[in-house]
Amino acid sequence: MTTALSSILPIVLFCVAASAHPQDRRSGFEFMSPSTQAMQRDDTQNPGMLWIKEGEALWQRKAGRAEQSCAGCHGEAARSMRGVAARYPAFDAALGQPLNLGQRINQCRQKHQQAEPWKRESQELLAMESYVGMQSRGVPVEVSDPRLLAFIERGEQRYRQRIGQLNLSCAQCHDDNWGRKLGSAVIPQAHPTGYPVYRLEWQGMGSLQRRLRNCMTGVRAQPYAYDEHEMVELELYLNKRAQGMPLETPGVRP
Ligand code: HEC
Ligand code: HEC
């Protein structure tokens, strides 16, 4: 993506189309080729299902000094985790700040299982995030907790702020130029509804944060570190923009 950016720069700067109104909102799924769409649609073809299977096994496995499994406390994920991923990042009252789903899972690892937290982008964390995420397939994204407002606002400021050597904001690409081509890629509207996704370019599963870091390095900006508060606030704002859109985890992306 980086090499394609400089050639497209003038187009991005001089074409300012209207932002996506709620009725125009489209998942990245809709900008994909029919064959990539078919991969996501059919669980027997979707490579993300391998991570789901691993997540399912981890859900049942006892871990940590407490020798407790997720299932031991939460029972069947299909019931207890239904709708949960659709409202993350969520406000954590004890910490006074929002946590994303991966951070929330790791809290249970540490607090309730007395186990080591899983590393960001590790196979285990992606597997569990995907497994919990899939329990909310079809559930609309919900951001309604008033305690999140200040964090969402900061996320929106970052979304609109020009960054990097190319001096571009997220909004300039994803609000003003979605649907246009950037090199061989179509600029999507940047909805977070498919994550974690199996990305063909990565040949693996990755989190929303990994995707955001790709966009930041694409404009030659220093990306925020994983789980940094700036990153969580940006995730929150993307959820707010996508409020009401259905979750599609595990998504497939080019
Ligand atoms: C120069 C244009 C550009 C800028 C600036 C940019 N992106 Fe992107 N973004 C893209 C393109 C192109 C893709 C799709 C890449 C592909 O399909 O290979 C993408 C993909 C995404 C996706 C994935 C959407 C999906 O359906 O999976 C998200 C989320 C996203 N960007 C968020 C952001 C955020 C947040 C910022 C600001 C920090 C940002 N982007 C800055 C061009 C940009
Ligand atoms: C010893 C019991 C226990 C174990 C084991 C446990 N949890 Fe939890 N979990 C809880 C409790 C209690 C909460 C409510 C919040 C709190 O007190 O931390 C919770 C909250 C959660 C939430 C947030 C739910 C919501 O509605 O916001 C998620 C997601 C979650 N757990 C996932 C997991 C996963 C994944 C595992 C296994 C890796 C796990 N938990 C292991 C007890 C447990």
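Q: Which arrangement do the six donor atoms around the iron atom of ligand 1 form?
A: In this predicted model, H174 (NE2) and C215 (SG) coordinate the iron atom of ligand 1 at 2.0 to 2.3 Å. H174 belongs to helix α9 (residues 170-174) and C215 to helix α10 (residues 208-218), so that the pair, 41 residues apart, links distant parts of the chain. Because the angles subtended by the six donor atoms run from 86 to 179°, the arrangement is octahedral.

Q: Is H174 buried or exposed?
A: Residues count as buried under 20% relative accessible area. The relative accessible area of H174 is 12%, and H174 is therefore buried.

Q: How does C215 count in terms of relative accessibility?
A: The partly exposed class lies between the buried limit of 20% and the exposed limit of 50%. Since C215 has 25% relative accessibility, C215 counts as partly exposed.

Q: Which element gives the most residues to the shell around ligand 1?
A: The elements that give two or more residues to this shell are α9, β4 (185-186) and α10. With five residues, the element that gives the most is α10.

Q: Which parts of the chain does the pair H74 and C108 tie together, and how many residues apart are they?
A: H74 (NE2) and C108 (SG) are the protein donors of the iron atom of ligand 2, at 2.0 to 2.3 Å. H74 lies in helix α4 (residues 70-74) and C108 in helix α6 (residues 101-112), so the parts that the pair ties together are, in sequence, 34 residues apart.

Methods
Residues are numbered from 1 along each chain as its sequence is written. Chains are lettered from A and ligands numbered from 1 in the order in which they are written. This is a predicted model: local features need pLDDT of at least 70, side-chain atom pairs count only at pLDDT 80 or more; totals for chains, interfaces and linings use all residues. Side-chain values use heavy atoms; hydrogens and water are left out. Donors are N, O and S atoms within 2.8 Å of the metal (3.2 Å for Na, K and Ca); water is not among the atoms, so sites may look incomplete. Four donors count as tetrahedral if all angles lie between 85 and 135 degrees; four count as square planar and six as octahedral if opposite donors are over 155 degrees apart and all others between 65 and 115; anything else is irregular. Helices (H or I, at least four residues) and strands (E, at least two) are DSSP runs, numbered from the N terminus. Buried means under 20% relative accessible area, exposed over 50%, partly exposed in between (1.4 Å probe, protein chains only).
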